[in-house]
Amino acid sequence: MSVNLKRCRRSSQRWIAVLAFFGAAGLCQATPLAYVVNRDDNQVSVVDLATQRTVNSIPAGIGMPQEIAISPDGCLAYLSSIWSATVAVLDLGKHQLLAGIPLNHVSNGVVFSPSGSLAYVDTNTPGGGAIAVIDTATHQIMRTFPVSPQNTRGMAIHPDGSRLYSLEQQHENYAGKVAVIDPANGTVLQRIAVGMDPSDIKLHPAGALAYVVNRESHHRHGSLSVIDTRSKTVVATVPVGKHPGRVAFHPSGTQAYVTNSGDGTVSVIDTASHAVVGLIPVDQAPQHVVFHPAGTHAYVSSPEANTLSVIDTATQQLRGSVTVGSAPWGVALVGDPRVAALKPSTSGMEAGSVVTGKPIPISGVWAGLLLVVAGITALHRHGQKLMG
């Protein structure tokens, strides 16, 4: 397989002219879809966030899927699991399984390079943690490099793609570290000690901070280690709720949300003061959290309730929930891939790149737009005949 960039560019140029006519009416502003990985039924629920309803379900292609990462162009999703030695690739334009990438070892998670040309998968091998580098045009592993004699627990990538940050956990005492890695050659540049039993790491949108969630213990409150990515030091430790799991930054970077599965809450962190400024009750045992691109809402998966909780970020109140599949875990948001394909590229990669032989489907609202344009064209021609 290869990515057909020229075809995508030609398609985008044709459609941008059409969409410009309707831009004032806002018809090309698509409401994002949420993709929720359901661990127990091996499905991915597709949630329309405008109506707060599950509108589709996609076979995951692997057993007990947990994590999901979506390519920067919004066309592909990679699924991984600590129970499977395969990464599944979903075509989000067609909402179907596209490929499976064998790893030989189970994986924790996937992150994409800013251009989307590479995907990094952290795996646990008999010799310790390693990172596999995947060419997303061919869905083939290019190389694998070791990063730790310990197990890895997930990773994050700097917004400019210059560094990878991999979580490590000591077998004996659960002490955690963050390995700072040069992705160009796989060299570990430094290790930073954090709290016990680290479970997640995310980079601030500006890239100056990294937040690491430390579970600490099932019986007491966890913490958040704040890393200055320039000095590579922990500059603050923030107490959060019981058995915290995941963290996500608000698009503005002013706040971060941490899910606390032990007490069914979400801690709200002010990123300027690194202090807890709110506590939001949600459905039981919350896991992943993601923000709407506009920052108006946050969405939290609750595997025990089989729901996706909806939080109003302005009021920090729960605004309902969406029933999804069995044991929802990883969550990711993306606009309609057919809309993403029409946007000019800003990442150095052609916008809306698709797999060769997999054209972007035209249906639903796009079919409606075609009919409207055809009608306008017909009326124009009829008017010309009358005037002539």
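Strands here are DSSP runs of E, at least two residues long, numbered from the N terminus. The model is predicted.

**Exercise 1. Place Trp83 and decide whether Trp83 is buried, partly exposed or exposed.**

Solution.
- Step 1: locate the residue. Trp83 sits in the loop between strand 5 (76–80) and strand 6 (86–91).
- Step 2: apply the cut-off. Exposed means over 50% relative accessible area. Trp83 has 53% relative accessibility, so Trp83 counts as exposed.
- Step 3: look for nonpolar company. Trp83 forms a nonpolar surface patch with Met64 and Ile82. Together, the three have about 300 Å² of accessible area.

**Exercise 2. Find which salt bridges Asp200 makes, and classify the residues by accessibility.**

Solution.
- Step 1: recall the principle. Side chains of opposite charge can pair when their charged atoms come close.
- Step 2: list the partners. The Asp200 side chain forms a salt bridge with that of Lys202 at 2.9 Å, N to O. A salt bridge also links the side chains of Asp200 and Arg246, at 3.7 Å, N to O.
- Step 3: place the second pair. Asp200 belongs to strand 16 (residues 198–203) and Arg246 to strand 20 (residues 244–249), so this pair ties together parts 46 residues apart in sequence.
- Step 4: classify. Buried means under 20% relative accessible area. Asp200 has 5% relative accessibility and therefore counts as buried. Arg246 is buried too, with a relative accessible area of 13%. Lys202, at 30%, is partly exposed.

**Exercise 3. Examine the salt bridge between Asp312 and Arg319, then say which residues are joined into a salt-bridge network.**

Solution.
- Step 1: give the distance. The side chains of Asp312 and Arg319 meet at 3.9 Å, N to O. The cut-off is 4 Å.
- Step 2: compare cover. Asp312 is buried, with a relative accessible area of 18%. Arg319 is partly exposed at 45%.
- Step 3: trace shared partners. Glu67, Asp200, Lys202 and Arg246 are joined into one network by salt bridges that share partners.
- Step 4: set the total. The structure holds 7 salt bridges.

**Exercise 4. Describe the surroundings of Thr233.**

Solution.
- Step 1: assign the element. Thr233 lies in strand 19, which covers residues 233–242.
- Step 2: classify. Its relative accessibility is 35%, so Thr233 counts as partly exposed.
- Step 3: list contacts. Leaving out residues up to four places away in sequence, Thr233 touches Val226, Ile227 and Asp228.
- Step 4: check polar pairing. The Thr233 side chain makes a polar contact with the side chain of Ser231, at 2.7 Å.
- Step 5: set sequence against space. Leu209 is 24 residues from Thr233 in sequence and 10.0 Å away in space, C-alpha to C-alpha.

How values were computed
Residues numbered from 1 in each chain as written. Predicted model: local features only at pLDDT ≥ 70, side-chain atom pairs only at ≥ 80, totals over all residues. Heavy atoms only, no water. Helix = DSSP H or I, 4+ residues; strand = E, 2+ residues; numbered from the N terminus. Buried < 20%, exposed > 50% of the residue type's maximum accessible area, 1.4 Å probe, protein only. Contact = heavy atoms within 4.5 Å. Polar contact = N/O pair within 3.5 Å; in protein donor to acceptor, adjacent residues only side chain to side chain. Patch = residues over 30% accessible without salt bridge, like charges linked within 9 Å, V, L, I, M, F, W, Y side chains within 5 Å. Areas by Shrake-Rupley, 256 points an atom, 1.4 Å probe, with all protein chains shown as cover.
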